[in-house]
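Me: I have a model open and would like to go through how its strands and helices are arranged. Could you take me through it?

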Amino acid sequence: MDVLIISGLSGGGKSKAASYLEDMGFYIIDNMPAAMILKFAEFCTGASSRYDRVALVYDVRTGSSPAELFDVLDQLKDMESSCRMLFLDASPETIIKRYKETRRRHPLSGRASSLEDAVRREREVMEPVRERADFVIDTSRLSTAKLRGELLRLFGNAEENGGMAVSVTSFGFKYGLPMEADLVLDVRFMPNPFYIEELRPKTGLDIEVSEYVFGFQQTKGYLKRLEDLMTYTLPLYAEEGKAVLVIAVGCTGGHHRSVAVTHALAELIRSQGYQVTENHRDISRGG
């Protein structure tokens with residue numbers, strides 16, 4: 001069983017982190033006292049695979065002392081569970097700004113003379129937890145996308161290549177650009193099978209059309225350069241926290257060249273370990 005304790009300062013980004021981790025397959029429980037963590041872990045050990053990856057949010061609201069939490073962590077490790085702790089931090093200025101923007105009350109505001117004092121007090125209480133954490137992420141200058149990307153890097157499944165899915169779709173420029181496209185590739189420079197009578201009624205999914213399109217050096221050279229582009233840029237999109245990247249490949253009508261290149265590009269990206277869907281928007285339209 002994989003247990004992740006999510007801790008950190010109020011306003012540091014724990015809620016967003018929990019949401020992203022839930023998307024990654026973690027079962028999330030918020031505001032769990034340290035004394036209950038061990039009992040829940042024992043329950044999960046004998047339960048279904050639904051609880052194979054569990055993330056428990058621990059913060060100053062629980063009322064538990066750091067010493068209680070540390071004792072639980074030691075016991076979890078004795079149970080041969082994979083137990084790690086993530087701490088979400090941020091500068092006092094950033095936390096104060098976030099609270100002012102959301103107009104929420106700080107958990108320690110009832111015991112402090114000001115918001116600044118509450119932030120200072122919480123930092124003092126949570127400092128031992130920060131020092132014990134396996135991972136510390138300072139969210140002061142992180143966008144939500146960057147935070148998601150960092151969580152994917154630390155806790156995502158390697159076989160999913162950062163959790164990003166790639167959609168490759170062919171289209172015809174005569175019917176307009178796909179609105180959802182992140183990257184648009186124009187392959188109208190390639191020799192057009194439309195002008196070959198026996199190829200005209202076929203599509204880029206037919207072997208005869210594909211062999212014609214890729215029978216030219218400029219097409220082979222273009223695909224090789226696309227491979228270099230994908231190898232360089234896809235990890236950067238995943239690191240940025242992109243969930244789905246849509247690549248649109250266009251020719252004039254969306255029947256021949258764009259379809260053949262889309263199919264080849266989808267296979268290329270799949271070979272790099274990404275989840276890929278292949279679509280052909282205009283393949284069934286008239287010429």
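**Sheet and helix packing**

Reply: Let us begin with one strand pair of this predicted model. Strand β4 (residues 82-89) and β5 are paired in the parallel sense, over 4 bridges.

Me: And which residue is the bridge partner of aspartate 89 in β5?

Reply: The partner of aspartate 89 is aspartate 138 in β5.

Me: What is the strand order in the sheet?

Reply: The order is β2-β3-β1-β4-β5 in an open sheet of 5 strands, and the pairing is parallel.

Me: Which strands stand at the edges?

Reply: Those are β2 (27-29) and β5 (135-138). Each has a single partner strand, so one side of each lacks a neighbour in the sheet.

Me: What does the twist average from one strand to the next?

Reply: The twist averages 20° from one strand to the next.

Me: Now the helices. Which strands does α2 touch?

Reply: Helix α2 packs on the sheet and touches β1 (2-8), β2 and β3 (53-57). The direction of α2 makes about 165° with that of β3.

Me: And where does α5 lie?

Reply: Helix α5 (residues 115-132) lies across β1, β4 and β5. Helix α5 runs at about 140° to β4.

Me: Back to α2. At what angle does it pack with α3?

Reply: Helix α2 (residues 34-45) and helix α3 (residues 66-78) pack at an angle of about 15°, and their axes are 8 Å apart. Angles under 35 degrees count as roughly parallel, and α2 and α3 are therefore roughly parallel to each other. The crossing of α2 past α3 is right-handed.

Me: Which residues make that contact?

Reply: From α2 the contact uses Ala34, Ile37, Leu38 and Ala41, and from α3 it uses Glu68, Leu69, Val72, Gln75 and Leu76. The residues of this contact of α2 with α3 divide into 7 nonpolar, 1 polar and 1 charged.

Me: Changing topic: how do α8 and α9 cross?

Reply: The axes of helix α8 (residues 217-240) and helix α9 (residues 257-271) cross at roughly 45° and come within 11 Å. The two helices, α8 and α9, are therefore oblique to each other. Helix α8 passes α9 in a right-handed crossing.

Me: Which residues meet there, and how do they divide by character?

Reply: In α8, Leu223, Leu226, Glu227, Met230 and Leu234 meet Val261, Ala264, Leu265, Leu268 and Ile269 in α9. The residues of the contact of α8 with α9 divide into 9 nonpolar, no polar and 1 charged.

Note on methods. Residues are numbered from 1 along each chain as its sequence is written. This is a predicted model: local features need pLDDT of at least 70, side-chain atom pairs count only at pLDDT 80 or more; totals for chains, interfaces and linings use all residues. Side-chain values use heavy atoms; hydrogens and water are left out. Axes are lines fitted to C-alpha atoms, for helices over the stretch in contact, and angles run from 0 to 180 degrees between N-to-C directions. Angles under 35 degrees count as roughly parallel, over 145 as roughly antiparallel, 65 to 115 as roughly perpendicular and the rest as oblique. A crossing is left-handed if the near helix is turned anticlockwise from the far one by less than a right angle, and right-handed if clockwise. Contact means heavy atoms within 4.5 Å. Ala, Val, Leu, Ile, Met, Phe, Trp, Tyr, Cys and Pro count as nonpolar, Asp, Glu, Lys and Arg as charged, and the others, Gly among them, as polar. Two strands pair if DSSP finds at least two bridges between them.
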